[in-house]
Amino acid sequence: MSQDLAAVAAELAIGQYKWHLLLCADQSKPLCCEKAVGLEAWNYLKSRLKELGLDRGGVAIFRTKANCLRVCQDGPILLVYPGGYWYRNATAEVLERVLQEHLLGGKPVAEFLFATNPLIEQGSASN
Ligand code: FES
């Protein structure tokens with residue numbers, strides 16, 4: 001591994017994250033919601049994670065802007081790992097509920113959850 005890559009990983013605090021959020025926003029083909037709606041949600045998520053100190057530290061949350069999560073309706077679509085929780089209509093109001101109720105409170109927001117897909121646990125896959 002190059003020194004540069006190790007430095008990038010350290011700068012991004014990779015290894016400290018408890019959650020990873022993928023949000024469909026700024027799509028090249030905005031199908032699940034208007035482009036402006038996705039961008040507004042993305043900007044809200046970024047600023048709230050920073051405001052709440054959740055971009056680093058004990059409950060650190062990594063965020064990724066996804067071009068399309070292939071659902072393409074009822075967006076913005078939000079995917080939360082671990083657990084594989086798929087949320088619909090993830091506007092600022094819903095994102096705030098997911099942050100407070102699910103990620104900090106431990107209770108998924110059933111009203112906006114439309115699917116779950118926990119990934120296979122390490123060691124449980126057969127060759
Ligand atoms: S455009 Fe958002 S899921 Fe496809």
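## Reading local features in a predicted model

Reader: Where is the place of Val59?

Author: Val59 sits in the loop between α2 (35-51) and β2. Keep in mind that this is a predicted model.

Reader: Is Val59 buried or partly exposed?

Author: The scale has two cut-offs: under 20% relative accessible area is buried, and over 50% is exposed. Val59 has 28% relative accessibility, so Val59 counts as partly exposed.

Reader: Which residues is Val59 in contact with, leaving aside its neighbours within four places in sequence?

Author: Val59 is in contact with Lys18, Trp19, Leu54 and Leu104. Add a backbone distance to that. The C-alpha atoms of Val59 and Tyr17 are separated by 6.9 Å. Along the chain, those two residues are 42 residues apart.

Reader: Tyr17 has a ring. How many aromatic pairs does a search of the whole structure find?

Author: The general idea comes before the count. Two values describe a pair of aromatic rings: the distance of the centres and the angle of the planes. Searching the whole structure gives 2 aromatic pairs. Tyr17 and Phe62 form an aromatic pair, with 4.9 Å centre to centre and 65° between the planes. Planes over 60 degrees apart count as edge-to-face, so this pair, at 65°, is edge-to-face.

Reader: Which parts of the chain does the pair link?

Author: The pair links distant parts of the chain. Tyr17 belongs to strand β1 (residues 17-24), and Phe62 to strand β2 (residues 60-66). They are 45 residues apart.

Reader: Are Tyr17 and Phe62 buried or partly exposed?

Author: Tyr17 has a relative accessible area of 23% and is partly exposed. Phe62 is partly exposed too, with a relative accessible area of 24%.

Reader: Now empty space. How much space lies in the largest pocket?

Author: Start with the principle. A probe the size of a water molecule, rolled over the atoms, shows where empty space is left. Here, the largest pocket holds about 230 Å³ of space.

Reader: Which elements give two or more residues to the lining of the largest pocket?

Author: Take the residues before the elements. Leu12, Tyr17, Lys46, Leu49, Lys50, Asp55, Arg56, Ile61, Phe62 and Arg63 line the pocket. The elements giving two or more residues to that lining are α2 and β2. Note that both members of the Tyr17 and Phe62 pair appear in the lining.

Reader: How many residues of that lining are nonpolar, polar and charged?

Author: The lining divides into 5 nonpolar, no polar and 5 charged residues.

Reader: On to the backbone. What joins Gly75 and Pro76?

Author: Read omega here. A cis peptide bond joins Gly75 and Pro76, with omega about -5°. Pro76 is in the loop between β2 and β3 (78-81). Another cis peptide bond joins Tyr81 and Pro82, with omega about 5°. Pro82 is in the loop between β3 and β4 (85-87).

Reader: And phi? What is the phi of Cys72, and of Asn89?

Author: Look at the sign. Cys72 has phi near 60°, a positive value in a residue other than glycine. Cys72 is in the loop between β2 and β3, and is partly exposed at 29% relative accessible area. Asn89 also has a positive phi, near 45°, and is a residue other than glycine. Asn89 is placed in the loop between β4 and α3 (92-104). Asn89 is partly exposed, with a relative accessible area of 22%.

Reader: Which side chain does the side chain of His102 make a polar contact with?

Author: The partner is the side chain of Tyr87, at 2.7 Å. His102 lies in helix α3 and is buried, with a relative accessible area of 3%. Beyond four places in sequence, His102 touches Trp19, Val80, Tyr85, Tyr87, Arg97, Lys107 and Pro108.

Reader: Which residues does Phe112 touch?

Author: Residues up to four places away do not count. Phe112 touches Trp86, Tyr87, Arg88, Asn89, Val94 and Arg97. Phe112 is in the loop between α3 and β5 (113-116). Its relative accessible area is 13%, so Phe112 is buried.

Reader: Is Arg48 buried or exposed?

Author: Arg48 counts as buried, at 16% relative accessibility. Its place is in helix α2. Apart from residues up to four places away in sequence, Arg48 touches Glu96, Leu99 and Gln100.

Definitions and conventions
Residues are numbered from 1 along each chain as its sequence is written. This is a predicted model: local features need pLDDT of at least 70, side-chain atom pairs count only at pLDDT 80 or more; totals for chains, interfaces and linings use all residues. Side-chain values use heavy atoms; hydrogens and water are left out. Rings of Phe, Tyr and Trp (its six-membered ring) pair if their centres lie within 6.5 Å; planes under 30 degrees apart count as stacked, over 60 as edge-to-face and the rest as tilted. Helices (H or I, at least four residues) and strands (E, at least two) are DSSP runs, numbered from the N terminus. Buried means under 20% relative accessible area, exposed over 50%, partly exposed in between (1.4 Å probe, protein chains only). Contact means heavy atoms within 4.5 Å. On a 1 Å grid over the protein atoms alone, a cavity is a set of points where a 1.4 Å probe fits but cannot get out, and a pocket is an open set with protein on both sides within 12 Å along at least five of seven lines; lining residues have an atom within 4 Å of a point. Grid points are joined across faces, edges and corners, and a volume is the space filled by probe spheres set on the points. Ala, Val, Leu, Ile, Met, Phe, Trp, Tyr, Cys and Pro count as nonpolar, Asp, Glu, Lys and Arg as charged, and the others, Gly among them, as polar. A polar contact is a pair of N or O atoms within 3.5 Å; within protein, one must be able to donate a hydrogen and the other to accept it, and residues adjacent in sequence count only if both atoms are side-chain atoms.
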